[in-house]
Amino acid sequence: MDSIWTQTAQLPQFAPLDKDLKTGVLIIGGGMAGVLCAYWLARAGVDYALVEADRIGGGISKDTTAKITVQHGLIYDKLIQKFGVGMARLYLDANRAALEDYRTLCQNIDCDFEERDAYIYALHDRRKLEQEQTALSRLGFPAELVTSLPLPFPTAGALRFEGQAQFHPLKFLASIAKNLRIFEHTKVLELGPGKAVTNGGTVMAEKIIVATHFPLLNKHGGYFLKLYQERSYVLALKNAPKIDGMYRDENKKGLSFRCYKNLLLLGGGSRRTGKAGNGWRELEDFVRRYWPDAQEIARWAAQDCITLDGAPYIGQYAKSTPNLYVVTGFNKWGMTSSMAAAMVLRDLILRRENPYASLFNPSRTVLRQQLAVNGLESTLGLLTPTKPRCPHMGCALKYNAAEQSWDCPCHGSRFSKDGTLIDNPATDDKRRI
């Protein structure tokens, strides 16, 4: 189940940590967000080190569909309702700035960077698109409502976002990482104030950034209630139509489309991790119906952390941890969010003002409807009497037949059939099931 990015990129290798270390900033996690944090801190002359339990880019970053866009679903009308026009504009501006940072960096990187328009389409309800267009107009963004789309099924139209982009995420990661201070195969076993104990030595650091997809500390920040995880699925198809642009259904259970070279990437099948779903079967049925001559080249699945209100958590881990920072909850938009996060965290560490820090503050209100849903799922998982159990917080695991894994519906940890850890927040490498 390797993605096409994994099949077509050569990542640099880094030695594991083999002695104690002292540094100004320790970054835990070598995905896109963590490596970008290291890159910008290095550019700013900050003393830093990054530790990764496996290989850089080996987690969720390799499973993205790699869209670099401010188009994050029908989010701007919702952000205005939750945060107000000012904060919604900050979200748009943060992602605009992230897109421009990628555009600048990619001028000198061979990572298949291509400018493409992004479209959010609706199957039936055009009013949702009109509401979003009105919200974007209030924010000063000229999204165009279009009715003719190159998709093989009828729609009610789409909003077009001009001048967005797509790229090869691992080629990009390989380029920016090659001269950074990175230690691979270095797992954090214990984390305390100013200190991380790893399997290769103890790291003392003035400040620590946790960029581990799902935060690894339960006793601070309440992330086990503020986040849940969703899985979604991708097929890479040859002999399928070339669709110019990046397309996504406004319904989160709908389909997405983008091309990479001669391949069409078809995404969909989204569901909460640990819950029943059709997975790749839904995509296979779609291909059989519309493109029977298409040939599958690769398939993979992604797992995304979803926040209570649609905005990531970027900043101080909790009010009680002044030198501990976190980046998580990208809500399926990890590329622009990773760049925005790296800029925010760089400025916080350097004690600079950052216009977006207040929007992404992890300690903002949790009084959202999703909090009750997350709490209910955790309670049900804890009270379900069946075995096996997740070592993270003890919830009952569910078997995922499509991927042959044991998944946690509470917080999204996943294990192979023999108990090997696949996805966090669980931290045990192995658990016999």
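Is H213 buried, partly exposed or exposed, and what is its relative accessible area? I took this up as my opening entry, keeping in mind that the model is a predicted one. I found H213 to be partly exposed, with a relative accessible area of 22%, a value that falls between the 20% under which a residue counts as buried and the 50% over which it counts as exposed.

**Entry on backbone angles.** I then looked up where H213 sits, and its place is in the loop between β10 (201–210) and α7 (223–226). Its phi is near 70°, which is a positive value in a residue other than glycine. I noted K261 beside it in my list, since phi of K261 is near 55° and is likewise positive in a residue that is not glycine. K261 lies in the loop between β13 (256–260) and β14 (263–272), and I recorded K261 as exposed, with a relative accessible area of 54%.

**Entry on a peptide bond.** I went on to the bond that joins K387 and P388, and I found it to be a cis peptide bond with omega of about 5°. When I traced P388 along the chain, I placed it in the loop between α11 (369–383) and β18.

**Entry on the sheet.** From there I turned to β18 itself, which belongs to an open sheet of four strands in the order β18-β19-β20-β21, with antiparallel pairing. I asked myself which strands stand at the edges. They are β18 (398–400) and β21 (421–423), and each has a single partner strand, so one side of each is left without a neighbour in the sheet. I also wrote down the twist, which averages 35° from one strand to the next. Looking at one pairing in detail, I saw that β20 (residues 414–416) and β21 pair in the antiparallel sense over two bridges, and that F415 stands opposite L421 in β21.

**Entry on the cavity.** My last search was for enclosed space, and I found that the structure holds one cavity of 30 Å³ or more. About 30 Å³ of space lies in this largest cavity. I listed its lining as H72, Y91, A94, N95, P312, S337, A340 and F360. Which helix gives the largest share of that lining? I found that α4 does, with three residues, while α4 (85–105) and α9 (334–349) each supply at least two residues. By type, I sorted the lining residues into five nonpolar, three polar and no charged.

Methods:
Residues are numbered from 1 along each chain as its sequence is written. This is a predicted model: local features need pLDDT of at least 70, side-chain atom pairs count only at pLDDT 80 or more; totals for chains, interfaces and linings use all residues. Side-chain values use heavy atoms; hydrogens and water are left out. Two strands pair if DSSP finds at least two bridges between them. Axes are lines fitted to C-alpha atoms, for helices over the stretch in contact, and angles run from 0 to 180 degrees between N-to-C directions. Buried means under 20% relative accessible area, exposed over 50%, partly exposed in between (1.4 Å probe, protein chains only). On a 1 Å grid over the protein atoms alone, a cavity is a set of points where a 1.4 Å probe fits but cannot get out, and a pocket is an open set with protein on both sides within 12 Å along at least five of seven lines; lining residues have an atom within 4 Å of a point. Grid points are joined across faces, edges and corners, and a volume is the space filled by probe spheres set on the points. Ala, Val, Leu, Ile, Met, Phe, Trp, Tyr, Cys and Pro count as nonpolar, Asp, Glu, Lys and Arg as charged, and the others, Gly among them, as polar.
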